[in-house]
Amino acid sequence: LLRWYHPQRGMISPAKFIPIAEQTGLIVPIGRWVIEEACRQSLNWQAAGLPLIRIAVNLSARQFRLGDLAETVREILDNFGVSSDLLELELTESMIMDDPERASKTLHELKNLGLHLSLDDFGTGYSSLNYLRRFPVDSLKIDQSFIHDVTTDSSGASVVASIVDIAHNLKLDAIAEGVETREPVSYTHLRAHE
């Protein structure tokens, strides 16, 4: 996750600077830089002899809507010599449901590169299960707002269980965001993502 340390103001929350970057268009070069940094870090870990792991990068709505996203990602992967299966791109429901047909085209282009695709904050948007089954995503990331109360709120637990069932029935991974204790993991049999 992107963080900004300002020399005079200290740590600035992404909640403050990402919306401004999105409005001004600066999110596009920032997004490219983040993908490049993920690739650079992957190479550094490989050079250090560490096991190969996939790095996930959040895409912005503006970045996703650009017509050349797949070409940009391919260029970055080629420039760094990083295998596409070591990069995962995370998108939100609302991002792809704004224009599902165009989103489907972009997602297929990205998937054809060999990337892993994850639908982030699942359950908070306005999903269409009809489109969900046609999007080439690998995982659904359940929003942490559902996970926090999964062991104490029966309706929240039902939502999580339903999302897990949908994911598994579609042969997708279900990933829980914001897991801080063992209880939600053992309760829902999810792959935790802190």
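# A briefing on the predicted model

Confidence in the protein bottoms out in strand E8 (residues 191–193), with a mean of 46, and peaks in H4, at 97. This is a predicted model, with a mean pLDDT of 86 for the protein and 91% of its residues at 70 or more. Here is a friendly walk through its salt bridges, its aromatic pair, a surface patch and a few single residues.

**Around helix H1**

- Helix H1 covers residues 14–24, and Ser13 caps its N-terminal end. The capping contact runs from a side-chain oxygen of Ser13 to the backbone nitrogen of Ala15, a distance of 3.0 Å.
- After H1 comes Gly25, and its phi is positive, near 90°.
- The model holds one aromatic pair. Its partners are Trp4 and Phe17, set edge-to-face with 5.6 Å from centre to centre and 90° between the planes.
- This aromatic pair ties together distant parts of the chain: Trp4 belongs to strand E1 (residues 4–6) and Phe17 to helix H1, 13 residues apart.
- Trp4 is partly exposed, at a relative accessible area of 39%, whereas Phe17 is buried, at 11%.

**Salt bridges within helices**

- Side chains of opposite charge can pair when their charged atoms come close. In this model the count of salt bridges comes to 12.
- One of them joins Arg32 and Glu36, with 3.0 Å between the closest N and O atoms. Both residues sit in helix H2 (residues 27–47), and because they are four residues apart there, about one helical turn separates them.
- Arg32 has a relative accessibility of 26%, so it counts as partly exposed.
- Another salt bridge pairs Arg74 with Glu71, and here the closest N and O atoms are 2.3 Å apart. The two lie three residues apart in helix H4 (residues 69–80), so the separation is about one helical turn.
- Arg74 is partly exposed at 31%, and Glu71 is partly exposed at 41% relative accessibility.
- Beyond these pairs, Glu90, Asp120, Lys141 and Glu177 are joined into one network by salt bridges that share partners.

**A salt bridge between distant parts of the chain**

- Glu88 and Arg54 meet through their side chains in a salt bridge, at 3.9 Å from N to O. Distant parts of the chain are linked in this way, as Glu88 is in strand E4 (residues 87–92) and Arg54 is in the loop between H2 and strand E3 (55–58), 34 residues apart.
- Is Glu88 buried or exposed? Its relative accessibility is 7%, so Glu88 counts as buried.
- Its partner Arg54 counts as partly exposed, at 37% relative accessibility.

**A nonpolar surface patch**

- Which residues make the nonpolar surface patch of about 260 Å²? Trp45, Leu50 and Ile53 do.
- Ile53 lies in the loop between H2 and E3, and it counts as partly exposed at 45% relative accessibility.

**Two buried valines**

- Val73 is a residue of helix H4, and it is buried, with a relative accessible area of 0%.
- Along the chain Val73 and Ser60 are 13 residues apart, and their C-alpha atoms are separated by 14 Å.
- Val137 is located in the loop between helix H7 (129–132) and strand E6 (139–142). Although it is a loop residue, Val137 is buried, with a relative accessible area of 7%.
- From Val137 to Arg62 the C-alpha distance is 19 Å, and the two are 75 residues apart in sequence.

**A positive phi outside glycine**

- Most residues other than glycine have a negative phi. Lys171 has a positive value, near 65°, and is a residue other than glycine.
- Where is Lys171 found? Lys171 occupies the loop between helix H9 (154–169) and strand E7 (173–177).
- Lys171 is exposed, with a relative accessible area of 75%.

Methods
Residues numbered from 1 in each chain as written. Predicted model: local features only at pLDDT ≥ 70, side-chain atom pairs only at ≥ 80, totals over all residues. Heavy atoms only, no water. Polar contact = N/O pair within 3.5 Å; in protein donor to acceptor, adjacent residues only side chain to side chain. Salt bridge = Lys/Arg side-chain N within 4 Å of Asp/Glu carboxyl O. Buried < 20%, exposed > 50% of the residue type's maximum accessible area, 1.4 Å probe, protein only. Phe/Tyr/Trp six-rings, centres within 6.5 Å; stacked < 30°, edge-to-face > 60°. Patch = residues over 30% accessible without salt bridge, like charges linked within 9 Å, V, L, I, M, F, W, Y side chains within 5 Å. Areas by Shrake-Rupley, 256 points an atom, 1.4 Å probe, with all protein chains shown as cover. pLDDT = per-residue confidence, 0-100.
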